[in-house]
Amino acid sequence: MLGYNKKILRVDLTNRKSEVQDLDDALLEKYVGGVGLGARLLYDETNSDTDPLGPENILAAMTGPFTDSRVPSSSRHHVMGRSPLTGILGESNVGGSWAVHFKKAGYDGIVVTGKADGPVYLWIHEGGVEIRDARPVMGKDSVESAEWLKGQTTDKASVAVIGPAGEKLARIAGIPHVGTIVRQAARCGLGAVMGSKNLKAMVAFGTKKVAQADEEGLREAMKTVLPHLRKVTETFGKYGTSGGVENYERLGNFPLQNWRSSRWADAVKISGPTMYDTVLKKRTACLLCPIACGRHVRIEDGPYGPMEGEGPEYETMGTMGGECLVSDLAAICKANDLCNRYGLDTMSTGSVIAFAMEAFEKGLITTADTDGVELRWGSGAALVEMTKKIGLRQGIGELMGEGVLRMAQALGRNAIEFAMHVKGLEPSAHDPRRFWSQALSYGTAARGACHNAAWSHPYELALFMSELGLDKPHPSCQVEGTVEMTAKLQSYQSMNDTLIICRFTQVGKAVTATNIVDWYNMITGRRVDIGELMTIGERIFNLKRLFNTRLGISRKDDFLPPRFMTHNRKGEGITTQLPPMGKLLADYYEYRGWSEEGLPTPEKLRQLGL
Amino acid sequence: MRFLFSDPFSKVAGKELDFPISGPVALRALIGRFPPDLIKLIHHDPSGSDVELWAHVMFFNKERLLRLDDMIDDEETIKVLLPATGG
């Protein structure tokens, strides 16, 4: 099979050894790449005794057959490990350029185990891997560290590097990837897994190109697809992911005041068009992506200037803006930049600050706990100050860096009632009361409250996928059809994360399931149809569930926090119906072939070859 | 009937645009009467599909996302926003 190096790089930091594992076609046919291979390795090489922050945990980063091909928006990889934040499966999909450089160095994936006896970084190139001393950049932020690391290797390299948050084992630490732009593998605290291994960075560069079965066919296919993709994503690229802020607020999808409020006139102050008119200096793109949805922003002066760097995305606007009621765009840009530098997940950071603001309002914490910071709704200054404390693990930031669930447990009293999380992961910026498929996806996604597992909210509004039997956009807030759509999209998006290709190519139906199948066949030389790819996606989704059920996860863990289940919002355009999770979950398990408790049945596992 | 525009469309069309119509008219036809700058900004292609339109702009009648062939009555107010696609 073509399209691969067919090699996994294995690094044992305890013994400072590395080896190369060959990948056979049978494994690649069954799990393809990305999340598929990562989930298989994680299942096989960890168990219920694995400490997420212990040397026995693995950190895996996997590319797919689309990586370093002509397929647009495919410069991505999937990072996995047992999550220190949730204790269950941890995963994060990230763009940038690292995946391409890594694959060009001659590998499809890397698995890191053990713990180095001092701070190290990996220099991965075509000649192999070197374990090098990282002491000079310990304590430095991701951008400073990347600059030094490129100086030690090559300035063409891409660097996956943790900041102080990961070094200090904050459970909401991500892994910034610094090339010409910054992108984070942010979710699930995987930055802390790197930190626990004394692994500061993984630097990659290469020039090798893997053979593809029908490169000419792929080149021809792109002549049609790329102009269409550019055309339908022009507005999305121009205004970025935050272009939808005002619309989502009006629809009741935008999170407000720790998810308890309904409408917010100030949303327009942090929308994509406002960014475009004020702080945006240029658009940024992952390598070889024609969409260019990233933002490079500059704050000239004021309390947060001068500041220049990657700008906030929609999810950051939702969590740091809406959830905290902060409409100060400069403050959000500053907090976002700090997260990139310290290596913090902006979603979890914004969420835990919103939670702390509500705890402050309710008197569960006071200025005595916050070193004098008035943790009031809408305070941009408090947002920035708390982000610093979390990133550097100072004062109450130590506790906040543990995430919403642990902070609520530490505060006690009624804090758990307004702790917004599923399985320990803070939600992304999509309200499950507005899109019921999102409620089901938050409940059943392997990593917790994840919008990307199904990425169904656009399909509950303005997208459809005929090849999957989804012939029109699904009506919102109705039980009928929601289970089928959510499950199908979870399997489909699993495929996208294993091949790997960005969700945003689905905007405007620019890239369809038919395209995906054709390109997979052209690259690998296989001849599969959409049914077979969907079966692979279903297999991967079930394998991830199986990983979690081994850790005790079942139906009891698939419900949403009380506020989503009981708090009815009011306001123009806001739906007043709450997602009927009991009914949705029961129907979902039946559709999936799982037991009433949400466990994959032996029959289902056999059917999927698990 | 009346269109209410949000950013960035309001910069070209103003906050409101009134079209007196005598009976139900398809959204597609009403868009055809937009100023050229606005048509360019929403990337309207007369032969394009609903999904392609929704990648650039969304028209809402109350909470209902409109299709190009949906009919609009004179007393109705249509909100025009950037698409909800991100995240």
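Modeller: Let's start with handedness: a crossing is right-handed if the near helix is turned clockwise from the far one by less than a right angle, and left-handed if anticlockwise. Keep in mind that this is a predicted model.

Biologist: Okay, so what is the handedness of the crossing of H13(A) and H16(A)?

Modeller: That crossing is right-handed.

Biologist: And how do I read the packing of two helices?

Modeller: Two packed helices are described by the angle between their axes and the distance between the axes. Here, H13 (residues 346-361) and H16 (residues 404-411), both of chain A, pack at about 25° with axes 10 Å apart. Angles under 35 degrees count as roughly parallel, so that's what H13(A) and H16(A) are to each other.

Biologist: Which residues in H13(A) and H16(A) meet?

Modeller: From H13(A) you get Ser351(A), Val352(A), Phe355(A) and Ala359(A); they meet Val404(A), Met407(A) and Leu411(A) of H16(A). By class, that contact has six nonpolar residues, one polar and no charged.

Biologist: Zooming out, how many helices and strands does chain A have?

Modeller: Chain A has 23 helices and 15 strands. Its radius of gyration is 22 Å, close to the 25 Å from the globule rule for 610 residues, so chain A is as compact as a globular protein of that length. Buried residues make up 62% of the chain.

Biologist: How many residues of chain B are in contact with chain A?

Modeller: 19 residues of chain B, and they touch 34 of chain A. On the chain B side, helix H4 (residues 50-54) gives the largest share, three residues. That side divides into 10 nonpolar, six polar and three charged residues.

Technical notes:
Residues are numbered from 1 along each chain as its sequence is written. Chains are lettered from A and ligands numbered from 1 in the order in which they are written. This is a predicted model: local features need pLDDT of at least 70, side-chain atom pairs count only at pLDDT 80 or more; totals for chains, interfaces and linings use all residues. Axes are lines fitted to C-alpha atoms, for helices over the stretch in contact, and angles run from 0 to 180 degrees between N-to-C directions. Helices (H or I, at least four residues) and strands (E, at least two) are DSSP runs, numbered from the N terminus. Angles under 35 degrees count as roughly parallel, over 145 as roughly antiparallel, 65 to 115 as roughly perpendicular and the rest as oblique. Two residues are in contact if their C-beta atoms, placed from the backbone, lie within 7 Å. Ala, Val, Leu, Ile, Met, Phe, Trp, Tyr, Cys and Pro count as nonpolar, Asp, Glu, Lys and Arg as charged, and the others, Gly among them, as polar. The radius of gyration is taken over C-alpha atoms; the globule rule is 2.2 Å times the number of residues to the power 0.38. A residue is buried if 20 or more other C-beta atoms lie within 10 Å of its own, exposed if 12 or fewer, and partly exposed in between; C-beta atoms are placed from the backbone.
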